[in-house]
Number of protein chains: 2
Amino acid sequence: MSSVVVAGIGELVTCDGTGTDGLGARSGAAVVVEDGLVAWIGPQSAAPAADRRVDVGGRAVLPGFVDSHAHLVFAGDRGDEFAARMAGTPYDGGGIGVSVASTRAATDDELRALLAARVAEMRAQGTTTVEVKSGYGLTVEDEVRALRLAREVTQETTFLGAHVVPAEYAADRAAYLDLVTGPMLAAAAPYARWVDVFCEPHSAHAFTAEEARAVLVAGREAGLGLRVHGNQLGPGPGVQLAVELGAASVDHCTYLSGADVDALAAGTTVATLLPGVEFSTRSPYPDAAALLRAGVDIALATDCNPGTCYSSSMPFVIALAVREMGLTPGQAVHAATAGSARSLRRDDVGRLVVGARADLTVLDAPSHVHLSYRAGVPIARALDLRA
Amino acid sequence: MSSVVVAGIGELVTCDGTGTDGLGARSGAAVVVEDGLVAWIGPQSAAPAADRRVDVGGRAVLPGFVDSHAHLVFAGDRGDEFAARMAGTPYDGGGIGVSVASTRAATDDELRALLAARVAEMRAQGTTTVEVKSGYGLTVEDEVRALRLAREVTQETTFLGAHVVPAEYAADRAAYLDLVTGPMLAAAAPYARWVDVFCEPHSAHAFTAEEARAVLVAGREAGLGLRVHGNQLGPGPGVQLAVELGAASVDHCTYLSGADVDALAAGTTVATLLPGVEFSTRSPYPDAAALLRAGVDIALATDCNPGTCYSSSMPFVIALAVREMGLTPGQAVHAATAGSARSLRRDDVGRLVVGARADLTVLDAPSHVHLSYRAGVPIARALDLRA
């Protein structure tokens with residue numbers, strides 16, 4: 001049993017639900033970590049003895065960011081598609097097929113190396129928990145491979161065979177749906193915690209409400225928790241479906257009706273906002289402040305993927321949420337930690353409380369406000385407490 | 001004489017004025033550096049022998065970013081002002097006085113350490129040339145001190161005694177103008193290359209067109225080049241004044257009339273755009289694409305400062321210029337390198353051509369497009385070629 005006291009903390013943000021924005025922010029505090037868990041939090045002057053002491057020199061310390069929506073198992077990039085979109089070509093989900101082709105063509109070791117590099121890149125920016133989806137395989141073998149590799153780096157693995165209808169099934173969507181809800185699901189479920197579906201009537205490549213319902217119900221029967229890509233490209237049924245089925249999260253929520261907001265406020269589904277997507281697709285930003293006022297639980301995540309947002313930066317997401325979605329700097333930090341942990345139905349991450357995982361992120365700054373105040377500057381990193 | 005060949009370059013962006021967006025982009029090229037200067041550029045297979053070889057592993061290489069507008073000599077921060085602004089408090093320039101007080105109270109060594117840390121932070125993000133302004137001293141002694149410290153880190157030093165009218169002169173603006181154009185200028189000029197003025201009728205703290213003209217004319221007579229903060233908070237006279245006096249640059253240009261655009265197109269003054277300020281003050285973005293179509297020379301810079309944009313990230317600025325100002329990824333890179341070098345009337349930086357300074361920035365990416373495609377991710381760094 002090895003213990004560390006983390007001292008010299010300028011501002012400790014615990015996200016324990018107390019204080020302004022639920023941040024539980026305090027000064028003069030220290031954290032004692034034992035065997036990877038938070039063992040004690042209190043005034044530095046009262047900290048119990050520990051085997052080692054790490055002084056962070058007046059920096060702010062936060063719960064590590066929880067990135068609850070990421071597509072990290074892919075090969076190749078789509079920089080050309082991005083440049084074309086910035087020049088006016090609209091996004092319709094069709095580019096996903098490009099990544100499917102390059103991902104299928106990659107070896108296990110290539111994908112493993114790419115995935116490891118992306119997780120390391122995230123950790124270097126302060127993310128300590130990441131959800132990883134499949135969805136660039138779209139065959140039984142390729143989806144299972146993606147989840148098997150994802151499971152090597154995270155327990156938050158999501159089966160997204162229903163990302164798009166692959167080109168080879170374009171003439172027979174029903175057959176692909178049978179595959180996804182049948183043999184593919186059966187093979188994928190042992191490697192997945194969650195099932196997800198791109199429910200989007202505005203894309204010919206994605207799934208209707210009825211199709212999405214079939215995917216989610218089958219996933220639930222296979223023992224998986226539910227997540228939904230909904231209301232990204234226009235108003236749609238994704239939010240209502242997610243709430244009705246008790247999904248843990250409905251992600252994007254770019255276009256919400258009043259009825260959608262009411263449903264979210266009344267239900268148990270977290271609205272996960274992905275402002276990096278609005279940034280990278282030049283879409284309007286949803287009003288996160290209005291969601292909070294309505295009583296909706298919100299989360300922030302990157303959606304890191306090669307098409308609609310190739311950013312892995314939670315600090316960038318936080319800065320966008322403040323600038324563009326009306327959140328205070330504190331609300332944005334809460335949504336990127338405790339909020340996104342809730343969207344994964346986790347209470348051992350996203351908060352610094354006794355018994356939680358000691359995932360600490362440190363800022364080269366005295367306050368969490370600097371995550372949005374110093375937009376674009378890489379001030380956050382996961383704190384490495386190994387001796 | 002020591003030479004290095006930089007090889008394994010995935011994409012070499014030279015900004016030599018040729019090709020799409022003037023980027024002079026090519027693949028399969030190598031660069032030979034001798035004594036800090038570019039000695040040779042050509043196909044890697046034809047590269048001459050050199051003492052050392054640095055392989056960048058397929059990464060893109062660009063001219064180091066030229067950040068032609070930064071306020072780096074200050075103490076303290078204004079995170080509280082930022083948070084209040086995001087909650088709706090408008091910006092009027094009054095907060096500058098807060099930084100003046102904390103900067104005056106700092107020792108030389110404190111300011112020197114802060115300045116060095118900021119320059120290092122910029123370099124770690126790919127910036128190899130930075131302009132540094134005074135303007136948080138506003139006494140003869142404090143302005144000279146700021147410029148003397150700035151001169152230790154850059155030759156691009158700018159006297160900005162006319163940043164705001166300090167509180168102690170609020171009742172006698174004319175006396176402060178006499179000081180700035182008289183004894184303060186005389187004492188500052190030996191340490192400055194440029195004179196600058198915050199010309200802004202929408203701020204009671206800043207300077208009118210007539211006052212700004214007096215500052216610029218006096219600066220020119222003292223041998224300094226001219227720069228102007230103009231048209232930031234609303235339509236104003238700054239652009240016209242800058243063009244009329246042949247200033248090297250007019251910076252901000254947030255609010256431009258058709259006549260302003262015409263004047264810029266007909267003149268020799270570069271329009272330096274600072275989208276980090278529009279981001280951090282929630283202001284509208286000027287249309288950079290329209291400026292290019294009109295034939296205006298543009299530059300991009302951070303305006304890194306504790307009030308309106310505490311971002312030191314040129315990649316962030318590039319991403320904003322693409323998302324919000326209509327530039328292509330290539331146009332934004334050109335404006336952040338060759339464009340901003342032009343705003344400093346420099347031809348030895350901002351381009352990779354034989355004889356130029358060998359300021360190379362390398363991306364953890366295969367193409368310059370990734371600077372905007374991977375918004376928020378710290379993929380750029382200045383390449384260190386020391387043995």
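This is a tour of selections to make, one after another, in a predicted model.

**Chain A as a whole**

Begin by showing chain A alone as a cartoon, where 13 helices and 18 strands can be found. The C-alpha trace of chain A spans about 70 × 45 × 40 Å along its principal axes, and its radius of gyration is 20 Å, which agrees with the value near 21 Å that a compact globule of 387 residues would have. If you colour chain A by burial, 60% of its 387 residues come out as buried. Among the contacts in chain A with a separation of 6 or more, 71% are made by residues 24 or more positions apart.

**The cysteines**

Next, select the cysteines and look for disulfides, of which the structure holds zero over all chains. A:Cys199, for instance, is in no disulfide, and the nearest cysteine sulfur, that of A:Cys253, is 12 Å away. A:Cys199 counts as buried because its relative accessible area is 1%, under the 20% cut-off. A:Cys15 is likewise buried, at 1% relative accessibility.

**A:Gln125, with chain B in view**

Now bring chain B back and select A:Gln125, which sits in the loop of chain A between helix H3 (108-123) and strand S9 (127-130). Is A:Gln125 buried or exposed? Its relative accessibility is 4%, so A:Gln125 counts as buried. Its side chain reaches the backbone oxygen of A:Glu121 at 3.0 Å. Leaving aside neighbours within four places in sequence, the residues in contact with A:Gln125 include A:Phe65, A:Ser312 and A:Arg381 from chain A, and B:Gly376, B:Val377 and B:Pro378 from chain B.

**Helix H1 of chain B**

Move to residues 79-86 of chain B, helix H1, and show the side chains of its buried residues, B:Phe82, B:Arg85 and B:Met86, along with B:Gly79. These residues cover an arc of only 120° around the axis, which puts them on the same side of H1(B). To see what they pack against, add helix H11 (314-325), helix H12 (329-343) and helix H13 (370-373) of chain A, together with helix H9 (275-281) of chain B. Just after H1(B), pause at B:Gly88, which takes a positive phi of about 120°.

**Helix H3 of chain B**

Continue to helix H3 of chain B, residues 108-123, where the end C-alpha atoms are 22 Å apart, in agreement with the 22 Å that its 16 residues should span at 1.5 Å a residue. Which residues of H3(B) are buried? They are B:Leu111, B:Leu115, B:Arg118 and B:Met122. Seen down the axis, the buried residues of H3(B) fall within an arc of 65°, so they line one face of the helix. An α-helix has 3.6 residues a turn, so residues three or four places apart point the same way. What covers the buried residues of H3(B) includes helix H2 (96-105), helix H4 (140-151) and strands S7 (65-67), S8 (127-130) and S9 (132-133), which belong to chain B.

**B:Ser134**

Finish at B:Ser134, in the loop between S9 and H4 of chain B, where a relative accessible area of 1% makes this serine buried. Draw two distances from its side chain: a polar contact of 2.5 Å joins it to the side chain of B:Glu143, and the backbone nitrogen of B:Leu160 lies 2.8 Å from one of its polar atoms. Beyond four places in sequence, B:Ser134 also touches other residues, among them B:His71, B:Ala146, B:Thr158 and B:Gly161.

How values were computed. Residues numbered from 1 in each chain as written. Chains lettered and ligands numbered in written order. Predicted model: local features only at pLDDT ≥ 70, side-chain atom pairs only at ≥ 80, totals over all residues. Heavy atoms only, no water. Disulfide = S-S within 2.5 Å. Buried < 20%, exposed > 50% of the residue type's maximum accessible area, 1.4 Å probe, protein only. Helix = DSSP H or I, 4+ residues; strand = E, 2+ residues; numbered from the N terminus. Expected span 1.5 Å × (residues − 1). Arc of directions from axis to C-beta. Contact = heavy atoms within 4.5 Å. Polar contact = N/O pair within 3.5 Å; in protein donor to acceptor, adjacent residues only side chain to side chain. Rg over C-alpha atoms; globule rule 2.2 N^0.38 Å.
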